[in-house]
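Visitor: I would like to know how the words used for a protein model are earned. Could you take me through some of them?

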Amino acid sequence: MANGGPVEHGYPHLETVRAAITALYRRLSYDTVQAFAASVAPADVAFCDTDDLHLGAQRVAREIVRHFRLPDARLIVGFREMTHAAHVELAAGPEYFVELNDRFRTHRRDIGAALAHEVTHVYLHRLDLAFPTTAENEILTDTVATYLGAGWLLLDAYREDGVSSQKLGYLTPEEFGYVLAKRSLFFGEDPSVWFTSAQAYTAYARGLDQARQDGRQPPLTAAGWAGRRRYAHDRRHVSGVPPAAPYSFSPDPAGRLRVSFPCPTCHQRIRVPVRGRVRARCALCRTVLECDT
């Protein structure tokens, strides 16, 4: 939890975020991801200053548990002085003990954001979905919370001005915006109408620009002139394709050239023949892609 200190910006975890989206689709399947088409509603996690602290926290926890379809999970929420925003004990269940930073006693509108991250930890624990390191797991947790409709709360908890700052979660504001944008492009849902933080709206707009760029990379037909020209050059000089290029070329068993590139929705690699206009369908997220190979 960044509290008054500098907030990191940009996309330092972008590759891990993309790997997390791919891992989520592989673990859940397209149909299960589709079941999360509706985000957590602001009214369901609203927390008024006149609400009882503990009863209100339990109510918000129940709503987020319900959103993640964990009917047999019960969260017991408490508060204590700590460095991080929150902590959850990942035991066998069905009861999970969550501790929130004492700061939330007086910053109650952000309790939903902290609980969204911790409930997602429980959800991933139940799925047995994890990355190798603790740092990568925290990125995975923020990404899954956001992509499945609860993480907009984490971005809305980001506030920064000339004298103070607050940010929850391990993604940068722009990375939260990026994952929210990926969700928005997939489900057609606009989360920006729920933001109470002006800085969250700005971060979402920047993330949306980055997410749209994923759909404008060659060999997709939406790629711009410069990208198409670079792709045509690399296709003629296969051995000289830069390592940073989003695509790579290789022969199939019959010796015919194929191109591999990431799906702009789920980032699974797709391989198609190099033969001009091709329509491809991602087997993981079912996105139909128009390509000019």
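Visitor: What does R228 touch, leaving out residues up to four places away in sequence?

Guide: R228 touches P218, P219, L220, A223 and D292. Contact here means heavy atoms within 4.5 Å. Keep in mind that this is a predicted model.

Visitor: Where does R228 sit in the chain?

Guide: R228 belongs to helix 9, residues 225-236.

Visitor: Why is R228 called buried?

Guide: Buried means under 20% relative accessible area. R228 has 19% relative accessibility, so R228 counts as buried.

Visitor: What makes Y11 partly exposed?

Guide: Partly exposed lies between the buried limit of 20% and the exposed limit of 50%. Y11 has 27% relative accessibility, so Y11 counts as partly exposed.

Visitor: Where is Y11, and which residues does Y11 touch?

Guide: Y11 is in the loop between strand 1 (2-3) and helix 1 (14-28). Leaving out residues up to four places away in sequence, Y11 touches E174, E175, Y178, R206, G207 and Q210. Y11 and F195 are 184 residues apart in sequence, and their C-alpha atoms are 21 Å apart in space.

Visitor: How do you know that strand 7 and strand 8 pair?

Guide: Two strands pair if there are at least two bridges between them. Strand 7 (residues 248-251) and strand 8 (residues 257-262) have four bridges, in the antiparallel sense. One bridge partner is easy to find: S250 is matched by R258 in strand 8. The hairpin has five residues between the strands, and G255 takes a positive phi near 90 degrees there.

Visitor: What makes strand 2 and strand 3 edge strands?

Guide: Start with their sheet. This open sheet has three strands in the order 2-4-3, with mixed pairing. Strand 2 (74-80) and strand 3 (86-88) each have a single partner strand, so one side of each is left without a neighbour in the sheet. The twist averages 20 degrees from one strand to the next.

Visitor: How do you know that strand 3 pairs with strand 4?

Guide: The rule asks for at least two bridges. Three bridges join strand 3 to strand 4 (residues 95-101), and the two run antiparallel. V88 stands opposite V98 in strand 4.

Visitor: Which helix packs on this sheet?

Guide: Helix 4, residues 111-127, touches strand 2, strand 3 and strand 4. The direction of helix 4 makes about 145 degrees with that of strand 4.

Visitor: What does helix 4 give to the largest nonpolar core?

Guide: That core has 93 residues. Helix 4 gives the most, with 10 residues. Among those with the most contacts inside the core are L100, I111, L115 and Y123. Leaving out residues up to four places away in sequence, L115 touches A57, V60, A61, I64, V77, V98 and L100.

Visitor: How do you know that the chain agrees with a compact globule?

Guide: For 293 residues, a compact globule would have a radius of gyration near 19 Å. The chain has 21 Å, which agrees. Its C-alpha atoms fill a box of roughly 65 × 45 × 30 Å along the principal axes.

Visitor: How many helices and strands are in the chain, and what share of residues is buried?

Guide: The chain has nine helices and 11 strands. Of its 293 residues, 52% count as buried.

How values were computed:
Residues are numbered from 1 along each chain as its sequence is written. This is a predicted model: local features need pLDDT of at least 70, side-chain atom pairs count only at pLDDT 80 or more; totals for chains, interfaces and linings use all residues. Side-chain values use heavy atoms; hydrogens and water are left out. Axes are lines fitted to C-alpha atoms, for helices over the stretch in contact, and angles run from 0 to 180 degrees between N-to-C directions. The radius of gyration is taken over C-alpha atoms; the globule rule is 2.2 Å times the number of residues to the power 0.38. Buried means under 20% relative accessible area, exposed over 50%, partly exposed in between (1.4 Å probe, protein chains only). A nonpolar core is a set of buried Ala, Val, Leu, Ile, Met, Phe, Trp, Tyr and Cys residues joined through side-chain atoms within 4.5 Å.
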